[in-house]
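Student: I'm new to this one. Please take me through it and tell me how each label is earned.

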Amino acid sequence: MPPVDTDTSPIKARIQELIDTYPVVIFSKSFCPYCKQVKELFKGLNVTFEVLELDLIENGSNFQDVLLGMTGQKTVPNVFVNKTHVGGCDKTLQAYKDGHLQQLLGAESAMYDYDLIVIGGGSGGLACSKEAAALGKRVMVLDYVVPTPLGTSWGLGGTCVNVGCIPKKLMHQTALLRTALEDARKFGWEFSEEVSHNWETMKTAVNNYIGSLNWGYRVSLRDKNVNYVNAFAEFVEPHKIKATNKRGKEVFYTADKFVLATGERPRYLGIPGDKEFCITSDDLFYLSYCPGKTLVIGASYVALECGGFLAGLGLDVTIMVRSILLRGFDQDMANRAGDYMEIHGVKFLRQFVPIKVEQLEAGSPGRLKVIAKSTETDEVIEEEYNTVLIAVGRDACTGTIGLDKAGVIVNPKNGKIPVNDVEQTNVPHIYAIGDILEGKWELTPVAIQAGKMLARRLFAGSSVKCDYVNVPTTVFTPLEYGSCGFPEEKAIELYGEENLECTVPGRDNNKCYAKIICNKLDNDRVIGFHYLGPNAGEVTQGFGVAMKCGVTKEQLDSTIGIHPTCAEIFTTMEVTKRSGGDIKQTGC
Ligand code: FAD
Ligand code: NDP
């Protein structure tokens, strides 16, 4: 065994040299998990550091003895920042949490109240703020709901929870139960009484469920150390916002970084009577009375879903369509979804737009007269309804949040925010996620994924980006329509009809229909998936995974189906659209 050098003065000189030379020095042991944690912290802060692994040098234990003499601490990690002794793992993490570490580092973030302020507590904002806080950041999220023109308002959680996916799906399920009841009779169930639906009971059940979710979000923010403030936020300077609560009290907060996640709100038509007498989806789920005979204006996701479930509840529903159904979706599928709705009682008034809404009688519901004109001829029509639901798209909530004061560029045509592939706006410390993004999907899981990934990139050194390609989605029409990848029209435009193969089995007896589009130039890879049938959301989710893995037609053919299901059809598709073969299903 070689003699050990017990003269500590050269070691002390070496330690002092390291401390004097490098802004951050970590005396560490390569296998120690606490040392690893501290190194990760500095990596996350993008701070370079010098490490001396004491287990990998010959006289490491002598270094520890000298460090004990210098700092009173023998254990590792032993951290120095800008010549100041910080301590071990716990002390370093604590110093980071209370901002002392950032001050020692001279970091810009130490100058601010928060590392991150998120504006908007919806799907994207909540996901991002919770993730950032879990990574040890000082995070604030502000959420504030501006009441609708009719005064409807709600709690924390954003569109999805309060006025979107959740209440919509619950009401859609309520409507499907009616169909199930009808089926039940056919299979021998006997009800002694006439079955009827009570709107108020449904509304109370839906609202109670939403209330429990609002509460759950508040608790989870508290548990995760996110500071939640129920106030409207607007920029007053690039790093400073004003938060105004419902009593008008103003408080100012600063942050190193900001995430905009303010979502969208329903657009009005700008015709006489729209804001005074009509409702939007923001009111529908809280309506205290049954809407009665209803006109739905619009022909996309919101209009078809709401019109679908209202008709399913037994109401007289008309949908006024300006041009086509479900713009951007495969039109063959969209029209089939519409045909099914028509057969099941929804009336479509095609190629008409409203020009005026008048109140004939106030009430719950009252009576409204709608005057509409044709988009093709001079024809003007009028009709009476109890309720008019406007579902003509949504506007990004970016107009009143002081983005000009922060220098953030907004598309003046639609209020959307352009970002690069890491969701960064033109102002480097301000990011944006969710529905307000230009040219991205307006879906809850997309906003959540973007929010989480962003927090990890900002604060954990990750480089993983949100993948906006092949996002599966489902329109919850009475017969649900799930899709992933390209609509047939878009696939033809991009690849040419001759390079594609569409395979299409249908089910004539109940209007189910399925179609996949394959790229012949790429091993028959599936580039479009379309399914019209029950439980389309559940079915489409799995195929979305398969498409992310690059599934080919051959792989679908070699997959064994689950019988008897609707989804098994994708494992046995044989008829190509080009062949014009019979697509009616026979057998079980
Ligand atoms: P949001 O969830 O809208 O959250 C934004 C929050 O910020 C809101 O609470 C807002 O009040 C708040 N806010 C705005 N400005 C400020 C400010 N200045 N200060 C403080 N707070 C502010 N998606 C699906 O994936 N599946 C579905 O089935 C589905 N169904 C839908 C049904 C309907 C009727 C609607 C309208 C939408 C539906 N969506 C669905 C879309 C989905 O709800 C949105 O894509 C999602 O909620 C977007 O999340 P976000 O975080 O961008 O914004
Ligand atoms: P969209 O922007 O998708 O559609 C707007 C509809 O309104 C179109 O049919 C459009 O017709 C019509 N329209 C627009 N202006 C007028 C007008 N002046 N007069 C008459 N009709 C008009 O909006 P939605 O509100 O339906 O959906 C917003 C987003 O919310 C969706 O993109 C979707 O991402 C999300 N969402 C998702 C759901 C889900 O996942 N199941 C459910 C609901 C919403 P035209 O085609 O002629 O322009």
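**How the labels are earned**

Tutor: Let's begin with strand β27 (residues 525-532), which is mostly covered: 7 of its 8 residues are buried. This is a predicted model, where local features need pLDDT of at least 70 and side-chain atom pairs count only at pLDDT 80 or more, while totals for chains, interfaces and linings use all residues. Residues are numbered from 1 along each chain as its sequence is written, with chains lettered from A and ligands numbered from 1 in the order in which they are written.

Student: What makes β27 mostly covered?

Tutor: A residue is buried if 20 or more other C-beta atoms, placed from the backbone, lie within 10 Å of its own; 12 or fewer makes it exposed, and anything in between partly exposed. In β27, 7 of 8 residues reach the buried class. Across the 588 residues of the protein, 42% do.

Student: How do you know what counts as a strand?

Tutor: Strands are DSSP runs of E with at least two residues, helices are runs of H or I with at least four, and both are numbered from the N terminus. Counted that way, the protein has 18 helices and 27 strands.

Student: Which strands does β27 pair with, and in what sense?

Tutor: Two strands pair if DSSP finds at least two bridges between them. Strand β23 (residues 481-485) has 5 bridges to β27 and runs antiparallel to it, with Tyr481 opposite Leu532. Strand β26 (residues 512-519) has 7 bridges to β27, antiparallel again, and there Asn519 faces Arg525. Both counts pass the two-bridge mark, so both are pairs. β26 and β27 also make a hairpin with 5 residues between them, where Asn523 in the turn has a positive phi of about 60 degrees.

Student: What makes one face of strand β9 covered and the other uncovered?

Tutor: In a regular strand the side chains alternate between the two faces of the sheet. Along β9 (residues 240-244), Ile241 and Ala243 make up the covered face, while Lys240, Lys242 and Thr244 sit on the uncovered one. β9 pairs antiparallel with β8 over 5 bridges, with Thr244 as the bridge partner of Phe232, and a hairpin of 2 residues links the two strands. β9 also has 5 antiparallel bridges to strand β10 (residues 250-260), where Lys242 is matched with Phe252. In that second hairpin, which has 5 residues between the strands, Gly248 takes a positive phi near 90 degrees.

Student: Why are β16 and β18 called edge strands?

Tutor: Three strands form an open, antiparallel sheet in the order β16-β17-β18. β16 (352-361) and β18 (380-385) each have a single partner strand, so one side of each is left without a neighbour in the sheet. Between β16 and strand β17 (residues 367-374) there are 8 bridges, and one of them matches Gln359 with Leu368.

Student: Why is Ala450 called buried?

Tutor: Ala450, which sits in helix α15, has 30 other C-beta atoms within 10 Å. Set that against the cut-off, and the label follows: Ala450 is buried.

Student: Which residues does Ala450 touch, not counting those up to four places away in sequence?

Tutor: Gly124, Glu423, Ile433, Gly434 and Cys466, where contact means C-beta atoms, placed from the backbone, within 7 Å. Glu376 is another story: 74 residues from Ala450 in sequence, and 42 Å away in space, C-alpha to C-alpha.

Student: How many residues surround each ligand?

Tutor: A residue is near a ligand if its C-beta atom, placed from the backbone, lies within 6 Å of it. That gives 33 residues for ligand 1, with Gly120, Gly122, Gly158, Gly263 and Gly434 the closest. Ligand 2 has 24, the closest being Ser300, Tyr301, Ser323, Gly393 and Glu442. α12 gives the most to the shell of ligand 2, with 4 residues. Helix α15 (444-459) is among the elements that each supply at least two residues of the ligand 1 shell.

Student: Where does UniProt place "domain: FAD/NAD(P)-binding"?

Tutor: An unreviewed UniProt entry lists residues 114-451 for it. In the model, that span is 33% helix and 26% strand, with its end C-alpha atoms 18 Å apart.

How values were computed
UniProt positions are given in the numbering used here, feature names are shortened, and annotations may be inferred rather than shown by experiment. Two residues are in contact if their C-beta atoms, placed from the backbone, lie within 7 Å.
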